[in-house]
Amino acid sequence: QVRLVESGGGLVQAGGSLRLSCAASERIFSINVMGWYRQAPGKQRDAVATITSGGRTTYADSVKGRFTISRDNAKNTVFLQMDSLKPEDTAVYYCYTDRMVTTRGTRVGVWGQGTQVTVSS
């Protein structure tokens, strides 16, 4: 089954930067809305940023001006550039798409396995 695979997480000091990437595990035809969510220990999973296939973006208030979401439609990949990181950004970051068309059919509501981002003070 086609999966979303994230990469780019890690440990960084406050004020630093990280770039997350997410791509399908095998060839697909298209992806609709893509987004990044995060979940800190003991908290619910919240939306961080989303981007439509046409490039329209949304951001959580807490990351506006610091994070930038982008996508490469030719490679069906989404990125999250995270600058000026704060300790409160520490969480597991998940990639998500509401719909993707694969060689085996259409899948809806697909999540990646998550990548840990830790920001030290």
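The link between Cys22 and Cys95 is left-handed, turning -85 degrees about the S-S bond. Keep in mind that this is a predicted model, with the sulfur atoms of Cys22 and Cys95 placed 2.0 Å apart. If you're hunting for other disulfides, there's no need: the structure holds one. Cys22 sits in strand E3 and Cys95 in strand E10 (residues 91–102), so the bond ties together distant parts of the chain, 73 residues apart.

Are these two cysteines buried or exposed? Cys22 counts as buried because its relative accessible area is 1%, under the 20% cut-off. Cys95 is buried as well, because its value is 0% against that cut-off of under 20%.

| Cysteine | Strand | Relative accessible area |
|---|---|---|
| Cys22 | E3 | 1% |
| Cys95 | E10 | 0% |

Now for the sheet around Cys22. Which residue stands opposite Cys22 of E3? That's Glu6. Strand E1 (4–7) runs antiparallel to strand E3 (residues 18–24), and four bridges join the two.

Zooming out, E1 and E3 belong to an open sheet of four strands, in the order E1-E3-E9-E8, with antiparallel pairing. At the edges you'll find E1 and strand E8 (67–72), each pairing on one side only. From one strand to the next, the twist averages 15 degrees. As a reminder, strands of a sheet pair through backbone hydrogen bonds, in either a parallel or an antiparallel way.

Then there's the pocket side of things. The largest pocket holds about 220 Å³ of space, and 13 residues line it. Which of them lie nearest the centre of the largest pocket? Those are Arg38, Ala40, Lys43, Asp46 and Glu88.

Where does the lining come from? Strand E5 (34–39) and strand E6 (46–51) each give at least two residues to the lining of the largest pocket. E6 has the largest share, with three residues.

How does the lining of the largest pocket split by class? It's a mixed bag: five residues are nonpolar, four are polar and four are charged.

So, to pull the threads together: the structure's one disulfide joins Cys22 to Cys95, and Cys22 also faces Glu6 across the E1 and E3 pairing. The largest pocket, for its part, draws on E5 and E6 for some of its lining.

Notes
Residues are numbered from 1 along each chain as its sequence is written. This is a predicted model: local features need pLDDT of at least 70, side-chain atom pairs count only at pLDDT 80 or more; totals for chains, interfaces and linings use all residues. Side-chain values use heavy atoms; hydrogens and water are left out. On a 1 Å grid over the protein atoms alone, a cavity is a set of points where a 1.4 Å probe fits but cannot get out, and a pocket is an open set with protein on both sides within 12 Å along at least five of seven lines; lining residues have an atom within 4 Å of a point. Grid points are joined across faces, edges and corners, and a volume is the space filled by probe spheres set on the points. Ala, Val, Leu, Ile, Met, Phe, Trp, Tyr, Cys and Pro count as nonpolar, Asp, Glu, Lys and Arg as charged, and the others, Gly among them, as polar. Two strands pair if DSSP finds at least two bridges between them. Axes are lines fitted to C-alpha atoms, for helices over the stretch in contact, and angles run from 0 to 180 degrees between N-to-C directions. A disulfide is a pair of cysteine sulfur atoms within 2.5 Å. Buried means under 20% relative accessible area, exposed over 50%, partly exposed in between (1.4 Å probe, protein chains only).
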